Structures are given as structure tokens and as C-alpha cells.
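Trainee: Got a minute to go through this model with me? I'd like to start with the core.

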Amino acid sequence: MYLPKPISDFLARAEIRAEHEGMSSADVYHCHALSGGKKEGYYLKVEPWSASVENEHRLYRWLYDGKRLPVPEPLFCVAAECPVDAGNSKSTEFLSAEFSSVENSAVLGRTYGYLLIRQAKGEILRQPKYYADPVHLARLAAEGLRLLWQVDTADCPVKGNLDEKLKLAQEELCHGSYGKLDASVPYTKDFKNHAEVFEFLVKHQPDVEPVFTHGDYCLNNFFTDGEHVTAFIDFGNGGVGDAYQDIALCVREFIKRCPGAVPYFYEQIGITEIDEEKLRYYMLLDELF
């Protein structure tokens, strides 16, 4: 596996194992390396460079450096060309909030994003032991949302507005990137294909009440010590957006894995009357990402 400097130097003696959790196009590796005489855990995420990859790199830096949320330390955020001859590679290391474009990437070869973070503290909530206690699971999920919503978005580097997301979805449609809709998903049953979903989303954009959103608020993207939320990961779809972006994806996962948690979840986040149209809208939007 090609790794750009300085990641290749940092992981020179590390044990690296491929991970298969999640549905994104990224390759994820669990790494163990000696640091200060003891073995430390890290995660390396490698994927084709795109706007969402750049956004994730920006958000990790912004969140960690500003102590805005408990996120693993991002050690290296690198955009690099994966070369035929590794000795002639060009890379740009993004270690500040200011990002520059990657020069000549379209001419010289495909550019990839390399993100190396420390292992998150705690454990993911996507486990049977948490499903067994819907009240506790709902409380932890609600606590995570409140942490996200408390983030001051005034200088957030990523404004994840609907127009931008729909533009990206339109580009994917033009490239023929989507397969078939999952017929078993109830909220897509009225649509024949992703193009129809896209048309619906364009015509029915809801009003947005902006907060900081995770963008993929599922039970494998935040961690707990059993009592409190200890860390968040995977911010490729994060940024300023509507609270229902995260509410909808969390509810969708509860319905699939722990339906009994749903009413407690609404109670914990203070919703007495759920906006079903908004809930469905953001579930449908996620079908395009």
C-alpha cells in the first residue's frame, strides 16, 4: 500500500489491519505503533479526494484544535497523488485551517485523501448490549446530539447547506453513480429510481434551522464509556445544517436495530411532535450519499 510522507514514516513499524465496518468507499485501516515505549492505536482512512473528504479533514482540525467536540486527534490530514513511481509523488499536507488546491491532480493522476487519527476513546453503541436497554441507548444518543448542537457554528469551515448537497447529488446522477433503490426501505417505496428521489428533494426543500450537524449520525460513529459520549468520528457529511439531518438518521437506525428506543429518544431531545415530512426528507437525502 502506498502511503505519502510523513504518514509512511510515522507508520513505518506499525501493525496495519484492514477494517471492513461501514458502507463508505473509503479504505480504513486499524494501526498499532509504539509511542513512548507503549503500543498506541490509530486509524487510517484512505479515499479518492473529493469535496466531502476535504470537508472532513477541515472539520477534524477545527473541532479538535478548538476543543469544540470530543474527537480523536487528527495527526495527519494529507492530500496526495498515488503515483506509479512513488519516488516522484507530489503531496500537500493540510495541517492548518487553510486548504489549498492540489495542483495538477487532473493531469498527473488521481489524488487521494489520507487521514490518520488516534483511536477514539470508548466503544461504539452499535452493539447488542446497548440494544438491550432502549432507555439507556436513547439517552446516550440524545446526549451526543446535544453536544453537537452546542457547537458555535459562527466560524465553522463547512456550511453543509441543502443546495450544495443537492448539487453534488446531481453530479453523481449525471455520472451514473447510483444503482437500484432498496425496495425494502419503506420511505423509498414511492420512487422508481434515484433520479425521482432527487426531483422530489429539489421540489420539497424544507426550512432549515441551522445547528452543527454530524451528517451521518449512526450508532457506529460515536463512542461511549457506558455512561457518557466520549468521541465522534466520520465527518464527511458534517457541517452547518438542520437538526433533522442527524435526528432522521439516528431514528432510522433505531427503527432497524432497537425500535423501542425511538419514543425515549424523542423525549430526551425535547420533541413532543415530530415533523414526519422533515424526517422522511433527510432519510431520502441520505439515499443519495
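**Core and contacts**

Mentor: Start with Phe212. Phe212 touches Leu59, Trp62, Leu63, Leu69, Leu148, Trp149, Val151, Thr153, Cys156, Phe235, Gly239 and Asp246, leaving out residues up to four places away in sequence. Contact means heavy atoms within 4.5 Å.

Trainee: Which other core does Ala33 belong to, and how many residues are in that core?

Mentor: Apart from the largest nonpolar core lies another, of 17 residues, with Ala33, Phe76, Val78 and Leu116 among them. A nonpolar core is a set of buried Ala, Val, Leu, Ile, Met, Phe, Trp, Tyr and Cys residues joined through side-chain atoms within 4.5 Å. Buried means under 20% relative accessible area, with a 1.4 Å probe and protein chains only.

Trainee: Which residues touch the most other members in the largest core?

Mentor: Phe212, Ile247 and Phe265, out of 67 residues.

Trainee: What are the ground rules here?

Mentor: The model is predicted: local features need pLDDT of at least 70, side-chain atom pairs need 80 or more, and totals for chains, interfaces and linings use all residues. Numbering runs from 1 along each chain as its sequence is written, and side-chain values use heavy atoms, without hydrogens or water.

Trainee: Switching to strands. How do E2 and E3 pair?

Mentor: Antiparallel, over nine bridges, E2 being residues 27-35 and E3 residues 38-48. Strands are DSSP runs of at least two residues, and pairing takes at least two DSSP bridges.

Trainee: And which residue takes a positive phi in that hairpin?

Mentor: Gly36, near 65°, with two residues between the strands. Ser35 stands opposite Lys38 in E3.

Notes:
Buried means under 20% relative accessible area, exposed over 50%, partly exposed in between (1.4 Å probe, protein chains only). Helices (H or I, at least four residues) and strands (E, at least two) are DSSP runs, numbered from the N terminus.
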